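Visitor: I'm new to this one and would like some help reading it. Could you walk me through it, feature by feature?

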Amino acid sequence: MLRVSSPKGLLRLYALIVLATATVAVVMVVVTSSGIESRAKAAGDHAQASIQASRIQAGLGQPITLWSAGFWSVFQDPSFLALSPEQRGSVNAEILRDFNDFSSPTANLPPLTINLADRQLLDFQRSIDAYLAQIDQLAATAQGVDTRKLVEDRERLTAKIEAYLGDHSLTRFRDVFAALIVTQNELGDLSTQLSAGTTAKQVSLHHATDFARILTIAAMTLLAATMVGATYFVGRLIQRAFSQVEAEKSALSETSVSLKHRNDQLSALYNVFSEITDTLSLRYVVSATLREALQLMDADMTVMRILRGQDLVVVGAQSSSGRTVEGMAPVSLGEGPTGRAAKRGRSLRIDSGAQAQMSVGVVSQTEDALGPSSERGPMESGIVVPLIVGARVVGTLAIWSRRTDKFTAEDERILEMMASQVATAVAAADTTEQSERRAHQDALTGLPNRHELNDDLKGDLANLIEQGRRAVVAMADIDHFKRLNDDFGHKVGDVTLQKIASILRNAVRGEDRVYRFGGEEFVLIFFDVGPEGAMMLADRVRSSIASTPFSGDHLEPVGPITISIGLAAMPDHGDDFEKLIELADAAMYQAKATGRDKIVLWSEEVPRLEHTAATRVAAKEPAAADADTAPSKAAAA
């Protein structure tokens, strides 16, 4: 006995009922479907035969038309025209006599001859042969109708045609025409009978189908009735389980998508915010923003502009390959997508044809600035978001792609979130750098800055040659400074810069000068010494820094800190201080390229490096290239 009280017994009973009822239903369907199939085949055969009869009937119209045209020659024959009107009327009546009456001969027709053209007769014979073959096939396949009359008409038509071929008289011609008409009429009658038979078969098929439908419904009703009890309980259990699984799956999917999206947002925003926080270096803020925007949006190019008067000036542009895009012209407020976004203070998303919306000058400069042909191609889509501080637009951040419909509304929202964080840092760094350009003292280290150096070069330093004095220019750069920032934070980097500035002031003589040239680079000028004396003074500076311990926020050692120094002497290497600074810079990069923590005096063997990002990075080892060329986050402080 099945234990239906248990879940397992219930499932067994459920399976047994389904199997038995399904077997009965299948048998009923098979039996009824067999009857339906036979009736459907009979109806199809009748319909096909009816169609075939109609086709043959319609086809006979062509030879009948050809044959009827032959009577025209009778009316043009001189013998016919010589007859009296009464005789001609009698001939016409004889020609049109009942075509079904073949019992009496057509004796009243004049002895005229109707000769068809050979081509007409050949075409007639070919078409008649084809239709006679189709009549034979129809007579053999038509079921449920009497085709003996059609066979007799077919044989009569064949005999009449053969008689005409032997005797081209008007009488034989009229007999063939009559046989064609009779055969065509018989085909029409046969088609009507087949159509009626088809209708009857279809009615029978409908009855069988209705009966099968009733049996199927009855079987399904029986099956449903026997299954309803077990299905109710089992279905509730399954439904409850599925509902719970679907709810959990839907919640998990929504949570996963939401968490991933939120994680991408927070990660990108955190990367940007962490890198630009507490730094007043515009170059560093721009570089970090461009890099993160490219990575987050999977764009081909990103551009940042700052508003200067009525123009948006490029402060940074980078392609997806990491190449710096240079030479991009300013854009006026309201000009192109970038100008419109800045003027309206609202983001602008373009799905296609982005480059076509730019001005001709911007398009050509963008294509030229992208460099290698592998990186070129029209920008099809993009997003431009304004950088807003308070209610004031300070610039724009734009991402561009060569693919159409690349960016979504969600991408636009994320970029706006990033821009809201970047705008304040950009405005602060830009204001600070503009202030520093107007100031002559570096706010972080307290040393004279590059602007002070430029003023001195035009002032008292310009008179050294006339005074007959000697001098040596030293260019010093901290080794692996970016690695220090990355490992210990930019706050430690700033403290290190301050401490090195203090060491430089204390290590040089009272009449010598120390300037912060930019980032981690310093310019020292030793007065009234030659190359040998300057080497000794520079080595004292180098060794003082190398022997000084440096520590982080928690007093952990961060060293050793070393510097590389390049020297150029006046008048030995020239009398122009700006050229001497370039030579000292080249010698300093030679010191880095040959090991760091050393001093190199410029000579003709030292290659003079052009002041471009590519050559400056090439002079350093790959692991520290960015570290030595990028300024600290407080480089402009």
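**A guided first look**

Guide: Let's start with contacts, meaning heavy atoms within 4.5 Å. Residues 24 or more positions apart account for 70% of the contacts in the chain with a separation of 6 or more. This is a predicted model, where local features need pLDDT of at least 70, side-chain atom pairs count only at pLDDT 80 or more, and totals for chains, interfaces and linings use all residues. Residues are numbered from 1 along each chain as its sequence is written, and side-chain values use heavy atoms, with hydrogens and water left out.

Visitor: How many helices and strands does the chain have?

Guide: Both are DSSP runs numbered from the N terminus: helices are H or I with at least four residues, strands are E with at least two. Here the chain has 19 helices and eleven strands.

Visitor: And what share of the chain counts as buried?

Guide: Buried means under 20% relative accessible area, exposed means over 50%, and partly exposed is in between, using a 1.4 Å probe and protein chains only. Of the 637 residues, 43% count as buried. For a partly exposed case, take Leu66, which sits in helix α2 (residues 61–76) and has a relative accessible area of 21%. Leaving aside residues up to four places away in sequence, Leu66 touches Gln120 and Phe124.

Visitor: How do I read the packing of two helices, say α15 and α16?

Guide: Fit axes as lines to the C-alpha atoms, for helices over the stretch in contact, and take the angle between N-to-C directions, from 0 to 180 degrees. Under 35 degrees is roughly parallel, over 145 roughly antiparallel, 65 to 115 roughly perpendicular, and the rest oblique. Helix α15 (residues 490–507) and helix α16 (residues 531–546) pack at about 140°, with axes 10 Å apart, so they are oblique to each other.

Visitor: Which residues make that contact?

Guide: From α15 come Ile500, Ile503, Leu504 and Ala507; from α16 come Arg540, Val541, Ser544 and Ile545. To sort them, count Ala, Val, Leu, Ile, Met, Phe, Trp, Tyr, Cys and Pro as nonpolar, Asp, Glu, Lys and Arg as charged, and the others, Gly among them, as polar. That gives six nonpolar, one polar and one charged.

Visitor: What about α14 and α15?

Guide: Those two pack at an angle of about 135°, with axes 7 Å apart, so they too are oblique. Phe481, Leu484, Asn485 and Phe488 in α14 meet His490, Val492, Gly493, Thr496 and Leu497 in α15. By class, that contact has five nonpolar, four polar and no charged residues.

Visitor: What covers the buried residues of α15?

Guide: The buried residues of α15 include Asp494, Ala501 and Leu504. Among the elements covering the buried part are α8 (282–297), β7 (471–478), β8 (513–518) and α16.

Visitor: Which backbone details should I look for?

Guide: Most residues other than glycine have a negative phi, and most peptide bonds are trans. Asp298, in the loop between α8 and β1 (301–308), has a phi near 50°, a positive value. His480, in the loop between β7 and α14, has a positive phi of about 55°. At 45% relative accessibility Asp298 is partly exposed, and so is His480 at 22%. Finally, a cis peptide bond joins Met570 and Pro571, with omega about 15°. Pro571 lies in the loop between β10 (563–570) and α17 (577–593).
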